[in-house]
Every structure is written in C-alpha cells, then in structure tokens.
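Biologist: I have a two-chain model open and would like to learn how to read it piece by piece. Could you walk me through it?

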Amino acid sequence: MTMQPASTEITSRTAAIIQEMKGLEGPLLPILHGIQEEFGHVPKDALPVIAEALNISRAEVHGVVSFYHDYRSHPAGRHVLKLCQAESCQSMGSDAIAAKLKQLLGIGFHETTRDGSVTLEPVYCLGLCACSPAAMLDGEVIGRLDDEKLDEIVAEVRS
Amino acid sequence: MIPRIYIPADSGALALGAEKVAKAIAGELAERGIEAKIVRNGSRGAYFLEPMVEVATANGRIAYGPVKPSDVKSLFDSGFLTGGHHKRWLGTPDKIPFLAKQTRLTFARCGVTDPLSLESYKKHGGLNGLTNALALTPAATVAQVTESGLRGRGGAGFPTGIKWKTVLDTAGDRKYIVCNADEGDSGTFADRMIMEGDPFVLIEGMTIAGIATGATKGFVYVRSEYPHAVAVMNKAVEIARKAGVLGASVLGSPYAFDMEIRVGAGAYVCGEETALLDSLEGKRGMVRAKPPLPAHKGLFGKPTVINNVISLASVPVIMDKGAAYYKDFGMGRSRGTIPIQIAGNVKYAGLFEAAFGMTLGEIVDEIGGGTATGRPVKAVQVGGPLGAYFPRALFDTPFDYEAFAAKDGLIGHAGVVVFDDTADMLKQARFAMEFCAIESCGKCTPCRIGSTRGVETIDRIVAGIEPEKNLALVTDLCNTMKFGSLCALGGFTPYPVMSSITHFPDDFKPAPVRVAAE
C-alpha cells in the first residue's frame, strides 16, 4: 500500500506550489500540474487550499480537476504505460496490441496491477502516427510496437 | 575541422531508437578516440528512414538510415564520418526522392539545423521575416499576411490576415497571441515536429503576430502528450529572451513581446479555440458560443489572435520572401504549401510539405507507396478523427480546402491516415461516435447526448436489430449533430460516420449478410 502523506503535509506542500505559480495569468492548470508532479496525483485535501488561495469555490476547483483526463485522484503505479488507441494506430492493429498487453499484465485500461508496478491507460494520439502503433512508457516514446517490444515493456515494468 | 554528426532528437525518431543510436555513436567515438560534435537535430520527416543519421562532409551532408545501434560499429569501419559507403548509406538527404519532391517553406530548417541554436537559425534565414516586419507598420504586415492567402492550418481554413486585422482594429489595453498547439488529431504530427525541430520559427511567427496586432503577450498551449515538444519550446523561449528576440524591446525595437509555454491536461476538446482559451484561463475546457469572436473578446476577455502552430510558423517565410512568393504556390483559394502528414498503414510514412493541389491518390499511392501491410488500400481518413473516410473512388480529389468540402470531407490539419482492406468501417464509425462521447465538453446537447445515442444505435445495427431503421436513425442523428452542435467536435463527428455509411455500405449490412458476403 502506498503511504499517503498526512493532510497537514499536503496542505503545506500545496501552499508552496501555489505560492510559486500564483503570479501567472490563469494559474490553475499550472498549479494542478505542479501538485500532480509533487504527489503523483491530485489529493482531495489540496483542493480547498487552492480554492482559498485563488478565491474560487471548491466546486470550481473540483470541476476543473475532474474535467481533464490527466489529473488522477489516486496515485498511479510505479510505471505508467499509455497505449495509443487512435485511428492511425488502429490502422496498424492497436486493438490486437491492447488485447495482448491487457492479457500479459492481467489488467484493463485505467487499472493498476495488484503489485502496483504499472498503470495502463489508453491515449488518443501521441503524434507518432508515422510509426504506429505507438506507446509511451513513463514519458518515453515507443513506436512500431510488436510482440517483441511488448515483451520488453512487460519485462521492464515488472523488474 | 571537427566532424559533425546529426542524430535527430525528434519524438518520432526517439520512438524508433534514436537515443540508443546516439549512445552507441558517442560510445564508439570515445572508444576510437575520435573527436566529433554530435548535433541533436529535428527530423526531416521521412520516418521510414528514422533514425536517420547525417554527417557533414566536404561534399555536404550525407545521410544513413534507418540506423540501428548494431550498425554503428560497421558505420565507423566504413568511414561514415567522411561519407563512406555502407548498407545504410542514403546519400545527400535533399536527393532522397521523398524529400526531393517536396516544397519546403515552413519546414525548410526542420531536420537541418540545431533546433536550439539561434546562430544556426539565423544562418538559415531565421529572423529575416521579423526584421522586415519591424521596418513596416503593423497594418502593412497584416496586409502582407492577408495578401499571401495564408489560411488557418488548424483545419478551419479561415484567412489568417483577416483574423489579425480584426485584432489590430479592436481597441484593448492588453492583447494576446495564442498558439494552438493542442494537436490532438490522430494522423497529425506537424506541430510536434516543428516545435521539436525548429522552435524559433514559431517564436518568430508569434512575435510578428504580436507586433502586427498590438499584442504584447503570447501563449503556446501544448498538449501534455508532447513532453519533448514542451521541453524544447521552453528552452527556445529562454534562449530567445536572452538574445533579445523576446522581451521589452524586440530586436532593439520599441515593440515589446514575450511568451509562455502552457501545458494542456489531456482534453481533446481543448484543441477547439474557445475551449482552449477557457482552459488557459484555468477553467474546464468548455466551448464558448460565438459571437463574441476571440478577436474581439478572447483570452481574459481581451482581443486575441488564436492561430494554429503551422499558420504562425508559416508567417516568417511570408514576411521574408514576400506575399507574392508564398501565394504563387497552391491552387484556387488554397495558397502556399501544406505539410501533409502521411500516416497509419502506409509504406512511406512521414511529413510531406507541398503546394496545395496534389491529388489524394498521388499522396497515398505515389508518395506513400501504398499500405505497409502490402494489402489494397480500402479507406483514407483525411483531417483527423473528425475527417471523412475517402474510398479509392475519390482518389482524384485534389488537396484543397474547397475540393475536399465539395466531396463532403475536410482537410483539417492535413493528416492522412491509410487503412488497408481489413478495416471494418462500421467499427470506425462507431469509434468516431465513441470518441466524441468521451471527449465532449458537455455544453451542447447534440454532441453530449447525440454521441452516446450514436454508439448505442450503431451497436443495435451490429446486433441485427432493425438495421435499416437504425441506420436511418444514425443518419438523422448525424444531421442533428452537424447543424445543432456548438463546435466542430459534435458538428464534424458526422463526417467519419456518414462517409463510412455512404462509401462503404457493405460494412453496415447485418452480421449474417456480412459474413455471407465474405
């Protein structure tokens, strides 16, 4: 089980991020990105701190956090694997790749393996359409996925 | 002279192993005690040759590709630093047919120069456009851009100069230039390539836009799926600021302009300009009703130019070589060049910049070389997830805004995704609806509810429940979405759906019939 920081700690670390970004025009998204980078997700306890600092309602902050696919309500696995499922990758068999990967990892999309090693997510285009099917593992791009590369990915996330 | 080796750091090249190649080359240099400079350039866009390594020789640049780490030792043994022969030898890059056939205006430097060297940028014609613009009145610069015939490369095709003129003519204590780099359309990667391979051209284009319209602040809204592009843009802005290209006095002129790079958060709809503005303001990416136009009331309610990356990156060459030069390329009302992105199941995938007017058939069959799988081409989706699927019968359509519209399609951001004959067009139509349902901002009913009902109705066709009646229902629903949606997400989702139904009716027949027909 991942240890969750205590709420007072979340409050103080959140406040520090807000302090750093508050001067920006339209600071909410940069603040949320900063918080997610700090905690690996956007903790619930951070929301009232942001609302207070930006003088907006908690509902508004929640509305923004829940609107965007990127913000997580829970920490992800140690690795995050994003598999492109958009048209270009579809034309090169990304459906079969997804099915195989789900089977190898024993999880579906938006799920994390029980050992917490990897979270699998669909993504709609990585801009690697000239080397489909494509994926992104912890921010590193991988093109022309095939069985061999899938095995390498699975070995890497399990190590 | 110390040898120079160019190894792309473009995401596409990295996805194909460029980093491992770079490490292997650096290792080999160290081992052999050879001193050389490794330049991490962008990609020239011939992805079937990536990672494409180039060396600067006495006879100009010589390319090798696609290079695998295991090739590196033998490359050195073959004397590749002086252009020696090797099985990966490609010769002069400009003479590689895929590159030789192109007209590179916007992408002239991409893959050639060091993306983060302002010196290299200037040496290749960079900042000439901005220097010329600084010598003109803002109105004269706007007139040049209008005269060039440049239209919005994000997809809508609205004349860029007209947009700029509206902002110039609108009074405001503060105005903004917003660059839409939320390139979410599948099959497109031109924005990513230019941001990673020639970031200064975008900075220059935005600065010209700022000076021409009276805006002093720019934002580039880059999607979070592009971490490499974000990193390069941030570094480039920093360099431009230090060099006085950005700041209180642009190149020593009385004009001020500065910019920031902002990162999206994974919402496709934020590629829609008004949703993008809301997102920049720190709100949910909800589409705004127009009017007011962003040119009148845009970011934070101020007059705002919002342009696509490629539109802005095409401005420097227009201001450098003149409106007439740019306008001379193209056909009809589509002037200049367009970076066509050939993707999906295609043999020679990559970016191909050319004047408007090539036919779809030339692009797919001649340039793209047909499918990667070697099977017949069944359909081509042009313009991203909201673009129509074209059958071979429409391959004579020239690449032109109006010509595509006349065939119930759109150019969009000029992505071309090729599918072979194993594609199931009903599945593709269903995906279009499903994608719209996932990504709808939820503001208007036709898009929010229509897309979900669309998926359900198509599922009933799959299940063989009153297929004809349900097909008629999908058609009716598409009509409602097309005319009743607030923006292109709901409004254009009918394109892939209806084109699939119209051009590939066999795929929509009930299951038993479909099986029997095979």
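Modeller: Gladly! Let us begin with a strand in chain B, β12 (residues 337–344), which is mostly covered: eight of its eight residues are buried. Keep in mind that this is a predicted model.

Biologist: Which strands pair with β12(B), and in what sense?

Modeller: To read a strand, look at its partners and at the direction of each. Strand β13 (residues 350–355) of chain B pairs with β12(B) in the antiparallel sense over six bridges, and a hairpin of five residues joins β12(B) to β13(B). Strand β16 (residues 415–420) of chain B runs parallel to β12(B), with four bridges between them.

Biologist: Which residues stand opposite Gln341(B)?

Modeller: In β13(B), Leu351(B) stands opposite Gln341(B). In β16(B), the bridge partner of Gln341(B) is Gly415(B).

Biologist: Now helices, please. How should I describe a packed pair?

Modeller: Two packed helices are described by the angle between their axes and the distance between the axes. Take helix α8 (residues 160–169) and helix α10 (residues 199–213) of chain B: their axes come within 8 Å and cross at roughly 45 degrees. Because of that angle, α8(B) counts as oblique to α10(B).

Biologist: What residues meet there, and of which classes are they?

Modeller: From α8(B) come Trp164(B), Val167(B) and Leu168(B), which meet Ala209(B), Ala212(B) and Thr213(B) of α10(B). The residues of this contact divide into five nonpolar, one polar and no charged.

Biologist: How is chain B divided into domains?

Modeller: The domain assignment gives domain 1 (4–100), domain 2 (119–327), domain 3 (330–420) and domain 4 (425–517) of chain B. For domain 1 and domain 4 of chain B, the C-alpha centres lie 46 Å apart.

Biologist: And what does chain A look like?

Modeller: Start with an inventory: chain A has seven helices and five strands. Read from the N terminus, the elements run α-α-α-α-β-α-α-β-β-β-β-α. Chain A is divided into domain 1 (7–67) and domain 2 (79–158), whose centres, taken over C-alpha atoms, are separated by 30 Å. Of the 159 residues of chain A, 40% count as buried.

Biologist: In what order do the strands of chain A lie in the sheet?

Modeller: Sheet order can depart from sequence numbering, and that is worth checking on screen. Here the open sheet has the order β2-β3-β1-β4-β5 (chain A), with mixed pairing. Its edge strands are β2 (111–112) and β5 (140–142) of chain A, each of which pairs on one side only. Further in, β1 (residues 79–84) and β3 (residues 118–123) of chain A pair in the parallel sense over six bridges, and Leu83(A) stands opposite Pro122(A) in β3(A).

Biologist: Which helices lie across this sheet?

Modeller: Helix α6 (residues 94–105) of chain A lies across β1 and β3 of chain A, at about 155 degrees to β1(A). Helix α7 (residues 147–158) of chain A lies across β1, β3, β4 (135–137) and β5 of chain A, at about 160 degrees to β1(A).

Biologist: Last topic: how many residues does each chain give to the contact between them?

Modeller: Chain A gives 34 residues and chain B gives 46 residues. On the side of chain A, the elements that give two or more residues are α2 (28–39), α4 (58–67), α5 (87–90) and β5 of chain A. By class, that side of chain A has 20 nonpolar, 10 polar and four charged residues.

Methods: Residues numbered from 1 in each chain as written. Chains lettered and ligands numbered in written order. Predicted model: local features only at pLDDT ≥ 70, side-chain atom pairs only at ≥ 80, totals over all residues. Pairing = 2+ DSSP bridges. Contact = placed C-beta atoms within 7 Å. Axes fitted to C-alpha atoms, helices over the stretch in contact; angles between N-to-C directions. Domains from an automatic or database assignment. Buried ≥ 20, exposed ≤ 12 C-beta atoms within 10 Å, placed from the backbone. Parallel < 35°, antiparallel > 145°, perpendicular 65-115°, else oblique. Nonpolar A, V, L, I, M, F, W, Y, C, P; charged D, E, K, R; others polar.
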